[in-house]
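Got the structure open in your viewer? Let's walk through it one selection at a time.

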Amino acid sequence: MSLAYKFRRAERILKKMDPGDKDRLLHICRQIQDAQAALLAAAGQQMQRCLSHCEGICCRNIEIDPIISHWDLVFVISLAPQIRSQIRDSLIMEDPLYRTDCVFLENGRGPCMFPENMRPEVCVVSFCQNDRPLRREIRQVKRRFFQLTWFVRWRKARAHLHTLTRAVAAARSRFDNTA
């Protein structure tokens, strides 16, 4: 599946949401953002090593499909809709058949175009050295992304249940009026 497809899918998900669901989604996304900020604060040494020593090697020559999902794009677009066009422009450089550098590196070299505490899940929770001291924070980020996934998946079921509940209430009301 290409990133362009995932991007379109994320946009469709957001377009179909009613205002109440969008508010709840934004709340969940802010919780993810807070969890990412806590993880980055706790991972100070690991992140410094990544920036100074590795220089983002983990973003180069990668198979991007398993790294970035449409859930990640729902998260980013929800909190920063102003970077939609920048994402769209970056997708032109995608080659879904081969390992390449991440298309979201600014100027093809870096840093990442996504704001620091609004990055895809795998990008934020992956460290090339011992992450044992960070497990609690990593679990929290993953838990929040899981919450986002299930919220969106069950949104449609909740909408159908709400419609059914209103129909049953209307039928009961009519039945009570005739009895």
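What follows is a short tour of helix contacts and a few single residues in a predicted model.

**Stop 1: helix H5**

Start by selecting residues 84–91, which is helix H5. Which of its residues are buried? Colour Ile87, Ser90 and Leu91, since those are the buried ones. Look down the axis of H5 and you'll find them on the same side of the helix, because they span an arc of only 105° around that axis. Now ask what covers these buried residues. The cover includes helix H1, residues 3–15, and helix H4, residues 70–79, so show both of those next.

**Stop 2: H1 against H5**

Keep H1 and H5 on screen and hide the rest for a moment. Their axes come within 9 Å and cross at roughly 155°. That angle is over 145 degrees, so H1 and H5 count as roughly antiparallel to each other. The crossing is left-handed. To see who touches whom, show side chains for Leu3, Ala4, Phe7, Glu11 and Leu14 on the H1 side, then Arg84, Ile87, Arg88 and Leu91 on the H5 side. Sorted by class, this contact holds 6 nonpolar residues, 3 charged ones and no polar ones. Two of the H5 names, Ile87 and Leu91, are also among the buried residues from the previous stop.

While you're here, click on Arg8, which sits in H1. Buried or exposed, or somewhere in between? Arg8 is partly exposed, because its relative accessibility is 44%. Then draw a distance from the C-alpha of Arg8 to the C-alpha of Arg88: the two residues are 80 apart along the chain, and the gap in space is 9.6 Å.

**Stop 3: H1 against H4**

Swap H5 for H4 and leave H1 where it is. H1 and H4 pack at an angle of about 55°, and their axes are 8 Å apart. With that angle, H1 and H4 are therefore oblique to each other. This crossing is right-handed. From H1, pick out Leu3, Lys6, Phe7, Arg9, Ala10, Glu11, Ile13 and Leu14; from H4, pick out His70, Trp71, Leu73, Val74, Ile77 and Ser78. The class count here is 9 nonpolar, 2 polar and 3 charged residues. Notice that Leu3, Phe7, Glu11 and Leu14 of H1 appear in the contact with H4 and also in the contact with H5.

**Stop 4: H2 against H4**

Hold on to H4 and bring in helix H2, residues 19–42. How do their axes cross? They come within 10 Å of each other, at roughly 100°, so H2 and H4 are roughly perpendicular. On H2, select Leu25, Leu26, Cys29, Arg30, Ile32, Gln33 and Gln36. These meet Val74, Phe75, Ser78 and Leu79 on H4. By class, that makes 7 nonpolar, 3 polar and 1 charged residues. Val74 and Ser78 take part here and in the contact with H1 as well.

**Stop 5: a loop and a far-off arginine**

Next, follow the loop between helix H3, residues 44–54, and H4 until you reach Asn61. Check its backbone: Asn61 has a positive phi of about 50°, although it isn't a glycine. Asn61 counts as partly exposed because its relative accessible area is 47%.

Finish in helix H7, residues 135–178, by selecting Arg136. Arg136 counts as exposed, because its relative accessibility is 62%. Add Asp18 to the selection: Arg136 and Asp18 lie 118 residues apart in sequence, and their C-alpha atoms are 33 Å apart.

Conventions: Residues are numbered from 1 along each chain as its sequence is written. This is a predicted model: local features need pLDDT of at least 70, side-chain atom pairs count only at pLDDT 80 or more; totals for chains, interfaces and linings use all residues. Side-chain values use heavy atoms; hydrogens and water are left out. Buried means under 20% relative accessible area, exposed over 50%, partly exposed in between (1.4 Å probe, protein chains only). Helices (H or I, at least four residues) and strands (E, at least two) are DSSP runs, numbered from the N terminus. The arc is that of the directions from the helix axis to the C-beta atoms. Contact means heavy atoms within 4.5 Å. Axes are lines fitted to C-alpha atoms, for helices over the stretch in contact, and angles run from 0 to 180 degrees between N-to-C directions. Angles under 35 degrees count as roughly parallel, over 145 as roughly antiparallel, 65 to 115 as roughly perpendicular and the rest as oblique. A crossing is left-handed if the near helix is turned anticlockwise from the far one by less than a right angle, and right-handed if clockwise. Ala, Val, Leu, Ile, Met, Phe, Trp, Tyr, Cys and Pro count as nonpolar, Asp, Glu, Lys and Arg as charged, and the others, Gly among them, as polar.
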